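Visitor: Could you take me on a close look at one part of this model, and then show me how that part fits with the rest? I would like the cut-offs behind the terms as we go.

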Amino acid sequence: MENSTLERMNIQLDFLKRNRNNLVIDADTHITELENLPPDLLEKYRQSRNYYHGKPISAEDLLAEMEMAGVDMSLVWQNPAVTPYEKDKEVNFQQLLKANRYIAEMAGKYPEKLIPAGWTDPRALGLEKALELTEYCIQELGFPIVKMNPAQNAYPIDSDEVIGVVEKIQEHKAMAAFHYGADTLYTPAEGLEKIAKSFPETRIIGVHMGGGGAGYLEGEALYLKTREMGLTNKNLFFIQSAKRDTHIESDFITYTLAGEPHNRQIACASDAPYGRQTWNFGGYRLMFASLVNAEHHTDSRVRENPELFNTDMIKNYMGRKFEELVIGGYESMRRP
């Protein structure tokens with residue numbers, strides 16, 4: 001691991017520890033090196049005045065949005081909408097490597113703002129190259145989390161190849177994250193649960209907690225399964241983003257009522273640029289305010305437990321528990 005990477009990790013770990021009770025963190029954002037977009041995507045970006053799904057943002061774009069949204073730090077990973085794959089696995093490897101290096105570079109430039117996370121793909125790269133990139137992300141770039149997206153990239157979340165990648169992540173004491181939603185058939189609840197049970201000592205992160213690009217009916221079924229699944233698999237950690245607000249609120253109520261350790265299993269996020277950070281964190285703040293004002297809440301569980309939510313619990317969900325997850329990841333990686 002290069003000295004610059006170690007320095008960034010130490011700066012970030014020290015900052016997180018010193019501010020562990022006060023940070024608002026967005027646990028799911030995607031940034032892109034805009035000037036290095038493929039020519040067709042760069043032209044689309046320059047010509048389109050309207051928003052389109054996944055329209056890329058740079059690190060500096062995100063930092064400006066964070067200031068408006070009152071967000072102190074963001075977890076950043078690459079944006080799959082602007083990392084096109086080809087038939088050649090080596091070409092795909094180089095594309096994803098470049099995207100991951102940009103994440104590392106920006107985290108090094110803004111260590112008190114951006115928490116870096118990696119991305120690999122056992123289908124587009126093949127298992128051997130996916131393992132190589134995973135190891136590089138952890139060992140050379142110092143990423144405490146490495147993500148896979150079975151839904152968009154069309155492979156089962158519990159395939160042998162995925163198991164192999166998670167084993168590599170575990171070997172290097174980092175954490176595995178997955179796009180986990182009802183937008184395709186590749187990420188069912190049973191698949192994520194198989195991963196969780198196969199690695200009981202490893203924290204497994206389910207990004208979107210069943211949301212993603214799902215339709216209402218498909219999403220509803222997975223939301224309900226996932227809410228229950230988390231209560232019986234304590235090593236699961238869920239990032240709330242790209243999901244119906246009513247179900248996000250119900251998740252927070254259910255897991256707060258369940259108490260320890262379940263009220264340490266969820267964090268707030270926006271999925272920027274797929275979601276606006278200002279919109280999402282404005283919504284989270286007002287949602288939590290309504291949960292504190294329990295007398296008139298529409299959920300009877302809240303009315304019957306008027307002291308359920310307090311400032312300390314809200315801090316947990318708005319950043320502190322994800323912050324502790326990252327601190328634990330860094331400390332595990334630094335141990336011999």
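**A close look at helix α1 and its surroundings**

Guide: Happy to. Before we reach the helix, here is one pairing from the sheet: strand β5 (residues 145–148) and strand β6 (residues 175–181) run parallel and are joined by four bridges. This is a predicted model, in which local features need pLDDT of at least 70 and side-chain atom pairs count only at pLDDT 80 or more, while totals for chains, interfaces and linings use all residues. Residues are numbered from 1 along each chain as its sequence is written, and side-chain values use heavy atoms, with hydrogens and water left out.

Two terms come first. Helices (H or I, at least four residues) and strands (E, at least two) are DSSP runs, numbered from the N terminus. Two strands pair if DSSP finds at least two bridges between them.

Now to helix α1, residues 3–18. The expected span of a helix is 1.5 Å times one less than its number of residues. For the 16 residues of α1 that gives 22 Å, and the end C-alpha atoms are 22 Å apart, which agrees.

Which residues of α1 are buried? They are Thr-5, Arg-8, Met-9, Gln-12, Leu-13, Phe-15 and Leu-16. These residues cover an arc of only 165° around the axis, which puts them on the same side of α1; the arc is that of the directions from the helix axis to the C-beta atoms. Buried means under 20% relative accessible area, exposed over 50%, and partly exposed in between (1.4 Å probe, protein chains only). An α-helix has 3.6 residues a turn, so residues three or four places apart point the same way. On the face turned away from the buried side, α1 carries the exposed residues Asn-3 and Arg-18.

What does the buried side pack against? The partners are β2 (73–78), α4 (89–109), β3 (114–116), α5 (127–140) and α13. Contact here means heavy atoms within 4.5 Å. Thr-5 makes a good example: with 8% relative accessibility, Thr-5 counts as buried. Leaving aside residues up to four places away in sequence, Thr-5 touches Glu-140, Leu-141 and Gly-142.

One of those partners, β2, leads us to strand β1 (residues 25–31), where seven of the seven residues are buried. Five bridges join β1 to β2, and the two run parallel. Within this pairing, Ile-31 has Gln-78 of β2 as its bridge partner.

Another partner, α13, takes us to the interior. A nonpolar core is a set of buried Ala, Val, Leu, Ile, Met, Phe, Trp, Tyr and Cys residues joined through side-chain atoms within 4.5 Å. The largest such core has 101 residues, and those with the most contacts inside it are Leu-114, Phe-178, Phe-288 and Phe-322. Helix α13 (residues 311–334) supplies the largest share of this core, 10 residues. Not counting residues up to four places away in sequence, Phe-322 touches Ile-25, Ala-27, Leu-75, Ile-115, Ile-145, Phe-237, Ile-239 and Ala-267.

Finally, back to the sheet where we began. Six strands form an open sheet in the order β4-β5-β6-β7-β8-β9, with parallel pairing. The edges are β4 (118–119) and β9 (266–268), each with a single partner strand, so one side of each is left without a neighbour in the sheet. In the β5–β6 pairing, Val-146 stands opposite Ala-176 in β6.
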